[in-house]
Amino acid sequence: MNKYDGHYLKIALPAALEGLFMILLASTDLILVGALGSLSVAAVSIFLQPRLVLLCFSRSLASAVTLVSCRHAGKEEKEPSADLLKKSLFLGALALGALHLLFLFFLKDIFILMGASEDYLPLAMDYGPLALLAVYFTSLTLILQAVQLGYGDTASIMKTNICGNLLNAVCSFLLIRGAGPLPAFGVMGAAFGTAAGTLFSLVYSFFLLKRNGFFQGGAWLPDAAYFKTVGPLFGSVLSEQGSERIGMVLFSRMAAGLGTVPFAVHSICMNICDVYYDFIMGFGKAGMVTAGQAVGKGNFSDWQQYRKTGLRWCLLLSTAACGTILLFAEDIFTFYTADSSLLALSGTIMVFIAFVSYPEAIALWGAGVLRGSGQTAQVAAYSFLSITFLRPLLTAFFIYGLDMGLIGTWCALFLDQVIRASCASFLVSRLSAKGKFLPQAG
């Protein structure tokens with residue numbers, strides 16, 4: 001293992017393990033709720049897309065903060081990142097707070113728009129308000145952890161989020177089904193657990209950054225220089241995130257329209273798919289950070305080495321994930337539910353989950369390298385085309401045109417990932433062939 005592997009894995013592994021543990025612990029809610037029946041699974045799952053719509057704003061701001069701070073890290077500067085963090089946190093707290101209140105006011109209408117059925121809509125409304133509060137806590141945490149990521153401190157992010165999700169899992173276990181004197185809160189218990197865990201992550205992230213001096217100096221109110229630096233990056237990432245959410249909302253809406261049982265199967269399988277996705281996302285983050293630090297240093301040779309290192313690890317890990325899922329597909333699905341009607345529909349979908357691990361890993365690797373190199377607009381462009389237009393159109397064609405039902409949704413998902421992986425690979429190869437850094441586009 002050379003020095004590039006060592007530095008890359010030092011960033012990637014904590015981020016990947018943090019993503020893995022987070023999704024596994026977050027899956028605890030779905031597993032515990034799964035014991036309550038398909039209506040409860042659907043009620044919790046219908047909140048996923050509204051949650052991700054909200055998070056696309058905070059993730060976009062966090063990505064912009066990371067891209068700027070990793071350049072400061074490459075130059076071994078700290079004070080500019082402290083100023084950046086304070087202004088971003090102030091702006092995020094106000095703007096995101098208003099957005100979350102708007103969602104709370106129209107929550108029932110949003111669930112209906114997402115395709116919620118009358119049989120589980122009351123359960124979804126029990127779960128939603130507290131779950132919205134948890135999303136707000138998560139949004140602020142993402143902004144705080146963006147600076148930690150820019151400086152490669154993924155170990156602290158991992159520890160914080162694992163502890164928060166452990167708290168979530170314990171609270172959910174006690175409150176969903178009830179324990180001792182505690183009553184059974186059902187799906188509301190899952191929301192309580194999520195809110196408690198995300199609040200812990202927020203408070204502890206703030207404590208770590210304050211201890212490391214990231215709140216010393218700088219100003220809280222954003223100024224023109226801040227918007228000039230962060231604005232173009234935020235806009236590019238938001239256009240990518242926003243287009244992804246539009247496409248995913250349409251995709252999920254069509255899946256929800258297949259009926260309660262198929263939608264429950266789809267939700268569980270998406271959660272299983274997200275386990276590897278959230279894990280390999282850590283390697284995408286490492287690609288973004290190492291590329292950004294190489295740009296900050298002006299070292300194109302390092303950029304090339306980290307590009308090759310990231311691709312190699314993504315392919316190796318995708319092979320391991322694919323084989324594991326194919327061998328243990330039924331065992332993995334039954335962790336979520338033993339309902340025979342759900343299990344009967346899951347077999348073919350699990351095969352899709354196994355093989356989609358390759359294109360989704362390559363897509364995340366390529367997007368990370370491009371973002372770290374300042375080419376966020378390119379990622380936004382192909383994501384907009386593939387996710388916003390092609391995935392919903394393909395889903396509609398497979399479901400309604402070919403009458404393929406649930407399998408049709410996964411055919412569309414697989415093709416979308418292949419398209420994005422192909423675009424990312426081509427653009428990274430073209431950037432590599434230049435032999436030098438391109439002008440840093442927003």
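**Two kinked helices and the cores**

Q: What makes the span of helix H14 agree with its length in this predicted model?
A: H14 covers residues 347–372, which is 26 residues. At 1.5 Å a residue, 38 Å is expected. Its first and last C-alpha atoms are 38 Å apart, close to that value.

Q: Where does H14 kink, and by how much?
A: The kink lies at Val 356 and is about 40 degrees. Pro 359 follows shortly after. The bend is the angle between axes fitted to the seven residues ending at a residue and the seven starting there, so the value describes the helix axis around Val 356.

Q: Why is H14 called mostly covered?
A: Buried means under 20% relative accessible area, and 21 of the 26 residues in H14 are buried, so the term applies. Just after the helix, Gly 374 has a positive phi of about 85 degrees.

Q: How do you know that the span of H10 agrees with its length?
A: H10 has 38 residues, 260–297, and should span 56 Å. Its end C-alpha atoms are 53 Å apart, which agrees. H10 has a kink of about 25 degrees, centred on Asp 274. Of its 38 residues, 32 are buried.

Q: What makes the set with Ile 353 and Trp 410 a nonpolar core?
A: A core joins buried nonpolar residues through side-chain atoms within 4.5 Å, so these residues belong to one set. This largest core has 94 residues. H10 gives the most to it, 18 residues.

Q: Which residues does Ile 353 touch?
A: Leaving out residues up to four places away in sequence, Ile 353 touches Cys 269, Ile 272, Cys 273, Ile 325 and Trp 410.

Definitions and conventions: Residues numbered from 1 in each chain as written. Predicted model: local features only at pLDDT ≥ 70, side-chain atom pairs only at ≥ 80, totals over all residues. Heavy atoms only, no water. Helix = DSSP H or I, 4+ residues; strand = E, 2+ residues; numbered from the N terminus. Expected span 1.5 Å × (residues − 1). Buried < 20%, exposed > 50% of the residue type's maximum accessible area, 1.4 Å probe, protein only. Contact = heavy atoms within 4.5 Å.
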